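Got your viewer open? Load the model, switch to cartoon, and keep the selection box handy.

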Amino acid sequence: YLLLVAGLRTLVARSLMFDESEQLALSQVLALGYGTQPPLLIWAAWCAVAVFGVSSSTILGLRFVVLGLMYAGLYACGRSLGCSQHRAALAAAAALLVPAVSWDFVLDKTNTPTACAVAGFAVAALVNAVRTGNRRAAVSVGLIVALGVLSKYTFVPFVAGLVGAALTVPEYRQWALSRRGAVAALTALGVLLPHAAWVVANRAELADGITHSITDRPERALGRLVLSAADVAVMSFGVTVLAFAWLASQVFRRGSERPAQRLLGRALVMAGVAAIAVVVLAGGTRFKPHWFTPLAVLLPAYLVSRLGETPDASRAARQLGAVLGVLVVGVAVLAGAVGTTDWLRQGRELRQRDRIAAEVASAVPAHASLVCESLRDAGNLRLAHPRSAIAVLGTPESARPTLLDGAVLVWDASRSDAVPETTAASLARDHGLRPDPTATVRFVGEAITCDNPRARRLGVVRLTRD
């Protein structure tokens, strides 16, 4: 499956997608923080680039390793819930019922799959730690939880839900309040402490960025919140619930749950409530489906673990496997249409981005330092100019590479030939630079018109010191 996904991703787009480009662009500097995304994957990209060099294969390979770890984590979670090997594999594959996993993860996304992977491993590690009582297992719980927080900040509500659920199940409450639980907590805090210090030092910028990501059309706050909640319910959980209700509603194991099953079931509910509370209390006006994706991919593991061992349950499991096979084939056909035809708008937009990435690379001097508005442009430019320093406006000072004289600005010029005032202000504030009034401005791509409303054009101009 991972080989198929790699082929589909290469077919659909030659340029880097947003998450891929972000990791390649920001991995020039090793820092404790890079902005609104935690640093774990950028550290991983820094290591991968140091070993394998700057190339699209390096970043895409990292993403497919993450996808593999996600399915491994879900398999481990299924096994910890008492599933057989075949049932645990089905639980991992059933994550494909979540549209974000079966489609979005094929094209883009690396931070969210990492959070999904760590969520599965966290449940498995906690169950194993309680079962064995081993101190080393307690250390692994703390380490995995810390890695989850360092992969995506939306992992924090999941941790809160998992801890809250553990305190409601006697076996897990006893462990959590024992010395083993303290060892896990201290391990997590020790790993997180350096990044936590960075978060405190950059709390204002971080809070503004996170608040912006959950705020949309404040004049329509309630309506937008309700619509986005419905979108999350349908896109994250709806297909899974419908599939299991159709195939397996009559074959769930009756009677009491195992403690591990009870733990996961309650953790999913509590983590969902915690995520909703964070958005509402922060004044957010929308929910995003990918914030709930770690919960959505763990739901099939819980449901599969509740299937009985009767012939009817085995038949339902086989039917679910067949549905997943058809889903994979359908995604492959759809990705082929996106990558090779103009039937779908997404395919046209991706090919336009591919062309712009190539044109900008040819418009910029080979060894010039670059300043970009967009992370996606920055990553693709680093592919074309691996030895150039490439800065992105708005990144924290500790994460900015050193720019040489003669730097060049690349900005979105779709709607205007002039450099936007906000871009000029960011240039002056972050780097002490301004567009050189004597330099020639070059444009690549196409300007927006009535006939081509989604066109995109980039401007390129040399910079000078203030």
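Here is a walk through the model, stop by stop. Keep in mind that this is a predicted model.

**Stop 1: the big core**

Select Met 70, Val 101, Phe 158 and Leu 298, the residues with the most contacts inside the largest nonpolar core, which has 94 residues. Now colour α7, since the largest share of this core, 11 residues, comes from that helix. Then zoom in on Val 101. Leaving out residues up to four places away in sequence, Val 101 touches Tyr 1, Met 70, Tyr 71, Ala 95, Leu 96, Val 106, Thr 293 and Val 297.

**Stop 2: a loop residue with a positive phi**

Next, pick Lys 109, in the loop between α6 (99-107) and α7 (111-132). Check the backbone here: phi of Lys 109 is near 75°, a positive value in a residue other than glycine. Is the residue buried or exposed? Lys 109 falls in between: it is partly exposed, because its relative accessible area is 27%, and buried would take a value under 20%.

**Stop 3: the second largest pocket**

Select α8 (135-151), α9 (155-166), α10 (170-176) and α11 (179-201), each of which supplies at least two residues of the lining of the second largest pocket. The space in this pocket comes to about 350 Å³. To centre your view, use Val 145, Val 159, Val 163, Ala 184 and Ala 185, the closest to the pocket's centre of the 17 residues that line it. Which helix gives the largest share of the lining? That is α11, with 6 residues. Colour the lining by residue type and you get 15 nonpolar, 2 polar and no charged.

**Stop 4: the other core and the largest cavity**

Apart from the largest nonpolar core lies another core, of 23 residues, among them Ile 356, Val 360, Leu 370 and Val 444. Keep Ile 356 and Val 360 selected, as both also line the largest cavity. Add the rest of that lining: Ser 15, Arg 353, Ala 357, Ala 361, Arg 376, Asp 377, Asn 380, Leu 381, Arg 456 and Leu 458. The space inside is about 80 Å³, and the model has 5 cavities of 30 Å³ or more. α17 and α18 each supply at least two lining residues, and the largest share, 5 residues, comes from α17. By type, the lining divides into 6 nonpolar, 2 polar and 4 charged.

**Stop 5: helix α18**

Stay with α18 (residues 375-384) and show it as sticks. This helix is largely enclosed by the rest of the structure, because 8 of its 10 residues are buried. Select them: Leu 375, Arg 376, Asp 377, Ala 378, Gly 379, Asn 380, Leu 381 and Arg 382. At the start of α18, find Ser 374, where a side-chain oxygen reaches to within 3.1 Å of the backbone nitrogen of Arg 376.

**Stop 6: Ser 369**

Last, step back to Ser 369, in the loop between α17 (345-363) and β1 (370-372). Ser 369 counts as buried because its relative accessible area is 2%. What does its side chain reach? Draw a distance to the backbone nitrogen of Leu 404 and you should get 2.9 Å. Then show what surrounds Ser 369: beyond its neighbours within four places in sequence, this residue is in contact with Ala 389, Leu 403, Leu 404, Gly 406, Ala 407 and Val 408.

How values were computed. Residues numbered from 1 in each chain as written. Predicted model: local features only at pLDDT ≥ 70, side-chain atom pairs only at ≥ 80, totals over all residues. Heavy atoms only, no water. Helix = DSSP H or I, 4+ residues; strand = E, 2+ residues; numbered from the N terminus. Buried < 20%, exposed > 50% of the residue type's maximum accessible area, 1.4 Å probe, protein only. Polar contact = N/O pair within 3.5 Å; in protein donor to acceptor, adjacent residues only side chain to side chain. Contact = heavy atoms within 4.5 Å. 1 Å grid on protein atoms, 1.4 Å probe; cavity = no way out; pocket = protein on both sides within 12 Å on 5 of 7 lines; lining within 4 Å. Points joined across faces, edges and corners; volume = space filled by probe spheres on them. Nonpolar A, V, L, I, M, F, W, Y, C, P; charged D, E, K, R; others polar. Core = buried A, V, L, I, M, F, W, Y, C linked by side-chain atoms within 4.5 Å.
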